[in-house]
Every structure is written in C-alpha cells, then in structure tokens.
Amino acid sequence: IRKLLGKGRLHLAMEQYKRGKISIGTAAQKAGLTISEMMDKLAEFGVKSPVTKEQYLHGLKTAEKIF
C-alpha cells in the first residue's frame with residue numbers, strides 16, 4: 001500500500017507540474033523526493049517543463065540580481 005501511495009503522490013505531483021500549477025520544488029516535496037530526483041523522474045516519464053522561454057529569461061535576470 002505504501003508503494004502504491006508513493007506512486008500516486010508522484011503521479012499527482014508530475015501532473016500538477018506539467019500543467020504549470022506547481023513548481024518543480026513543490027512537486028518534489030509533494031512526491032517526497034529531492035529536486036534532483038524529481039527532475040530525473042520527470043525526464044524518465046518524458047514530462048517537459050511548462051516554463052516558457054520568457055519566464056526562464058525573467059528568472060535568470062532575477063537570479064543575476066540576487067547573486
């Protein structure tokens with residue numbers, strides 16, 4: 001039952017991430033994984049990032065201001 005629940009949490013987190021409803025960090029937390037593990041799972045299942053190029057560039061500029 002624990003294995004099944006874990007798979008259900010992972011699936012739900014991946015679906016919410018794919019739809020752009022949650023961040024990768026939140027998805028990882030919901031699935032009980034690290035961000036790195038979540039990235040691996042998303043790649044394994046062929047889930048692409050819902051982040052647009054513009055959103056990525058905006059985030060990059062924000063990160064540059066912080067660091």
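The following numbered points review the fold, the helix packing, the salt bridges and the surface of this predicted model.

1. Overall fold. The protein consists of four helices and has zero strands. Read along the sequence, the elements follow the pattern α-α-α-α. Taken along the principal axes, the C-alpha atoms fill a box of roughly 45 × 20 × 20 Å.

2. Burial and exposed area. Of the 67 residues in the protein, 19% are buried. The exposed area of the protein is about 5,600 Å², and carbon and sulfur atoms supply 59% of this area.

3. Contacts across the sequence. For contacts between residues at least 6 apart in sequence, 38% join residues at least 24 apart. Lys18 offers one example of a link across the chain: its C-alpha atom is separated by 6.6 Å from that of Val47, although the two residues lie 29 residues apart along the chain.

4. Packing of α2 against α3. Helix α2 spans residues 24-31 and helix α3 spans residues 35-44; their axes come within 9 Å and cross at roughly 95°. Because angles of 65 to 115 degrees count as roughly perpendicular, α2 and α3 are described as roughly perpendicular to each other. On the α2 side the contact is made by Ile24, Gly25, Ala27, Ala28 and Ala31, and on the α3 side by Ile35, Met38, Met39 and Leu42.

5. The surroundings of Lys18. Lys18 belongs to helix α1, which covers residues 2-18. Its relative accessibility is 44%, so Lys18 counts as partly exposed. Leaving aside neighbours within four places in sequence, Lys18 is in contact with Val47 and Pro50.

6. Salt bridges at Glu15. The count for the protein comes to three salt bridges. Glu15 forms one of them with Lys18, the closest N and O atoms being 3.5 Å apart. Lys18 and Glu15 are three residues apart in helix α1 and are therefore separated by about one helical turn. Glu15 also forms a salt bridge with Arg19, where the closest N and O atoms are 3.7 Å apart. Glu15, Lys18 and Arg19 are thus linked in a network of salt bridges. As for accessibility, Glu15 is partly exposed, with a relative accessible area of 22%, while Arg19 is exposed, with a relative accessible area of 61%.

7. The salt bridge in α3. The side chains of Glu44 and Lys41 meet in a salt bridge, with an N to O distance of 3.9 Å. Glu44 and Lys41 are three residues apart in helix α3, which means that about one helical turn separates them. Glu44 is exposed, with a relative accessible area of 55%, whereas Lys41, at 29% relative accessibility, counts as partly exposed.

8. A nonpolar surface patch. Val51, Tyr56, Leu57 and Leu60 make a nonpolar surface patch of about 370 Å². Leu60 is found in helix α4, which runs over residues 53-66. With a relative accessibility of 38%, Leu60 counts as partly exposed. Patch residues must have over 30% relative accessible area, and the value of 38% for Leu60 is consistent with that cut-off.

9. Points to inspect in the structure. Two places merit a direct look. One is Lys18, which is in contact with Val47 and Pro50 and also forms a salt bridge with Glu15. The other is the crossing of α2 and α3 at roughly 95°, where the contact includes Met38 and Met39 of α3.

How values were computed
Residues are numbered from 1 along each chain as its sequence is written. This is a predicted model: local features need pLDDT of at least 70, side-chain atom pairs count only at pLDDT 80 or more; totals for chains, interfaces and linings use all residues. Side-chain values use heavy atoms; hydrogens and water are left out. Patches are made of residues with over 30% relative accessible area and no salt bridge: like charges are joined within 9 Å, nonpolar side chains (Val, Leu, Ile, Met, Phe, Trp, Tyr) within 5 Å. Accessible areas come from the Shrake-Rupley method with a 1.4 Å probe; for residues, only the protein chains shown count as cover. A salt bridge is a side-chain nitrogen of Lys or Arg within 4 Å of a carboxyl oxygen of Asp or Glu. Helices (H or I, at least four residues) and strands (E, at least two) are DSSP runs, numbered from the N terminus. Buried means under 20% relative accessible area, exposed over 50%, partly exposed in between (1.4 Å probe, protein chains only). Contact means heavy atoms within 4.5 Å. Axes are lines fitted to C-alpha atoms, for helices over the stretch in contact, and angles run from 0 to 180 degrees between N-to-C directions. Angles under 35 degrees count as roughly parallel, over 145 as roughly antiparallel, 65 to 115 as roughly perpendicular and the rest as oblique.
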